[in-house]
Amino acid sequence: ENPVNDEWADQMAFNEELVTIMVHESPDKFAENPVEVFCNGTPQRFMRGKNQAVKRKYVEVLARAKQTTYGNQKIKIGEDEDSYIYPAHTALRYPFSVVEDPNPRGGDWLKSLLKQG
């Protein structure tokens, strides 16, 4: 009744491809090591500073793991009135580099993913 959608099957195969990445070291001595992420309930652990070949679906989890911090900045409103603004800064929670991605679509895929909020 429900034929397999070729596009869906291609996407599933793409997500299962191996990509070599490295999760960067952290200057925080209390930072998680290993870093542990989950995809569909299955864990994947990354040792910081080590190259590791993992399925692309776990790279997607890392790329979507972002952290937002807020600063505070005093500003003047008129001559005698002060106020504060709270600028946000969002970055990867676990910064990483792609060491090797054999799929020619991989670079564009990652760029698109990292642009998403």
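The side chains of R93 and E32 form a salt bridge, with N and O 3.5 Å apart. This pair connects distant parts of the chain, since R93 sits in the loop between β8 (88-92) and β9 (96-100) and E32 in the loop between β1 and β2 (35-39), 61 residues apart. R93 has a relative accessibility of 44% and counts as partly exposed. E32, at 32%, is also classed as partly exposed. The model described here is predicted.

**Salt bridges**

The count of salt bridges comes to nine. Side chains of opposite charge can pair when their charged atoms come close. Three of the pairs are listed below with the separation of their N and O atoms.

| Pair | N to O distance |
|---|---|
| R93 and E32 | 3.5 Å |
| E17 and R56 | 2.8 Å |
| D101 and R56 | 2.8 Å |

R56 appears with two acidic partners: E17 forms a salt bridge with R56, and D101 forms one with R56 as well. For the first of these, the closest N and O atoms are 2.8 Å apart. E17 lies in the loop between α1 (6-16) and β1 (18-23), while R56 belongs to helix α2 (residues 56-64), so the salt bridge ties together parts that are 39 residues apart in sequence. E17 has 26% relative accessibility and therefore counts as partly exposed.

In the second pair, the closest N and O atoms of D101 and R56 are 2.8 Å apart. D101 is in the loop between β9 and α3 (106-115) and R56 in helix α2, a link between distant parts of the chain that are 45 residues apart. D101 is partly exposed, with a relative accessible area of 23%.

Salt bridges with shared partners also join E16, K55 and K57 into one network.

**Charged residues of helix α2**

R56 lies in helix α2. Is R56 buried or exposed? Its relative accessibility is 0%, so R56 counts as buried. Leaving out residues up to four places away in sequence, R56 touches F14, N15, E17, V19, D101, N103, G106 and W109. The salt-bridge partners E17 and D101 are included in that list of contacts.

K57 is also located in helix α2. K57 has a relative accessible area of 19% and is buried, because the limit for that class is under 20%. The side chains of K57 and E16 are joined by a polar contact of 3.0 Å. Not counting residues up to four places away in sequence, K57 touches N15, E16 and C39.

E60 is found in helix α2 too. At 22% relative accessibility, E60 counts as partly exposed. With residues up to four places away in sequence set aside, E60 touches N15, W109 and L113. The C-alpha atoms of E60 and S26 are separated by 20 Å, and these residues are 34 apart along the chain.

N15 is a contact of R56, of K57 and of E60. W109 is a contact of R56 and of E60.

**Nonpolar core**

In soluble globular proteins, nonpolar side chains tend to be buried together. The largest nonpolar core in this model has 19 residues, and I21, V23, V35, F46, V59, L62 and F96 touch the most other members. β1, β2, α2 and α3 each supply at least two residues of this core. Which element gives the most to this core? Helix α2 does, with four residues.

V59 is among the core residues that touch the most other members. Apart from neighbours within four places in sequence, V59 is in contact with V19, I21, V54, F96 and W109. Of these contacts, I21 and F96 are also named among the core members that touch the most others. V19 and W109, both in contact with V59, are also touched by R56.

**Nonpolar surface patch**

V4, W8 and M12 form a nonpolar patch on the surface. Together these residues have about 330 Å² of accessible area. V4 is placed in the segment before α1. V4 has a relative accessible area of 60% and is exposed.

How values were computed:
Residues numbered from 1 in each chain as written. Predicted model: local features only at pLDDT ≥ 70, side-chain atom pairs only at ≥ 80, totals over all residues. Heavy atoms only, no water. Salt bridge = Lys/Arg side-chain N within 4 Å of Asp/Glu carboxyl O. Buried < 20%, exposed > 50% of the residue type's maximum accessible area, 1.4 Å probe, protein only. Contact = heavy atoms within 4.5 Å. Core = buried A, V, L, I, M, F, W, Y, C linked by side-chain atoms within 4.5 Å. Patch = residues over 30% accessible without salt bridge, like charges linked within 9 Å, V, L, I, M, F, W, Y side chains within 5 Å. Areas by Shrake-Rupley, 256 points an atom, 1.4 Å probe, with all protein chains shown as cover. Polar contact = N/O pair within 3.5 Å; in protein donor to acceptor, adjacent residues only side chain to side chain.
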